[in-house]
Amino acid sequence: MPPRSRHLLRVLFFLLVALAGAAVSHGGVVEDAACAAANLTDAASLRPDRLTVLLSGYSERRLPLLRAIAGAYAAHPLVLAVVVLWCNPSTPDRVLLRGGGGFPPRVTVRRAASASLNSRFLPCPSDIRTAAVAVADDDVLPDAAALSFAFATWQQQPAAASGPLVGFFPRSHHLDLARGRWAYTAAEPGRYSMVLTKFMVLGTGVLYRYSCSPELAAARAVVDRERNCEDILMNFVAAEESGAGPVLVEAGSIRDWGDPRNDVNVGGAGEEGGAMKDVGLSATGGLGHWEKRGACITEFHRLLGRMPLRYSYGKVVEAAVGEQGLCSKGGRLVRCDQE
């Protein structure tokens, strides 16, 4: 090869390396494109009366369950669209799209550019045409009443587009003075400060803030490094945007196949649920899981230089049908409208 040609090849090689490095340092081409498109979206054009459901999937073992869950969401009258973000690049199309009958109508399947947990919050205007989204795991399904109530609760929040998160699964945090760091805990008696991405409703604008803010780039890198804590960072973002803690709701019922307390050998969905453990995208498991998430809170606080998480002290409960007053009947206190 002539010397001039070798020189041109070297220049081209180093140019490609530099461009690749620039793409990575700015969150990647896909992320940049999504943020640019979302920045041009007119918020007034987003439908306030419908909901987009964003489901994340990774394990091929969960595909039959994921298809069933996506179909159930798509059948809900308040759901405008269901988007499945598939984060396993090694899954062939014949398995993802056609194996076992494929996904039901009104469900869009998108392949993520990477297995990053940050991908589940990308603000993609081509898929999201509603003011609110429900971000959900691939092994959790609220019934129709629970989904409707969570969405109605979000709609009633002041400035809902940038308002607090609404969800069913609470967690909390506190300062461990002995160790000089933040601890991640189950919801404490009477208060909580986070809701999980098992299921949460939030404003589309909060997706943009999470994914596109340069200030959060280092925090998003922590999520990628740990393969965990994207829900904690989202709670940071939403609390800072709204100045309020999340809203816990209770209505209907929520099936959770991923809960390790599921029986493994009961047959049917219960057996499938038991098999769901340890096949998800995030790194979880044991006491180390709680330690890791406490470390994430501490690191996010350090990187941002402030602690935006806020405690909430109550929950919104679906109104009971009938009277709540108690009357003495037959020597017992019962509801007054009870015969």
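This report covers the disulfides of a predicted model and one aspartate, D256.

## Basis

The model is predicted: local features need pLDDT of at least 70, side-chain atom pairs count only at pLDDT 80 or more, and totals for chains, interfaces and linings use all residues. Residues are numbered from 1 along each chain as its sequence is written, and side-chain values use heavy atoms, leaving out hydrogens and water.

## Disulfides

A disulfide is a covalent bond between the sulfur atoms of two cysteines. Here the rule is a pair of cysteine sulfur atoms within 2.5 Å. By this rule there are three disulfides. In sequence order, the bonded cysteines pair 1-2, 3-4, 5-6.

C35 and C212 have their sulfur atoms 2.0 Å apart. Their link is left-handed, with -90° about the S-S bond. C229 is joined to C296. That link is right-handed, at 75°. A disulfide also joins C327 to C336, S to S 1.9 Å.

## Buried or partly exposed

Buried means under 20% relative accessible area, exposed over 50%, and partly exposed in between (1.4 Å probe, protein chains only). C229 is buried at 0%, and C296 is buried at 1%. C327 is partly exposed at 28%.

## A cysteine without a partner

Why does C124 lack a bond? The closest cysteine sulfur, in C35, is 9.0 Å away, so it is too far for a bond.

## D256

D256 is buried, at 9% relative accessible area. The side chains of D256 and K198 share a polar contact of 2.8 Å. Contact means heavy atoms within 4.5 Å. Beyond its neighbours within four places in sequence, D256 contacts residues including F169 and N262. A polar contact is a pair of N or O atoms within 3.5 Å; within protein, one must be able to donate a hydrogen and the other to accept it, and residues adjacent in sequence count only if both atoms are side-chain atoms.
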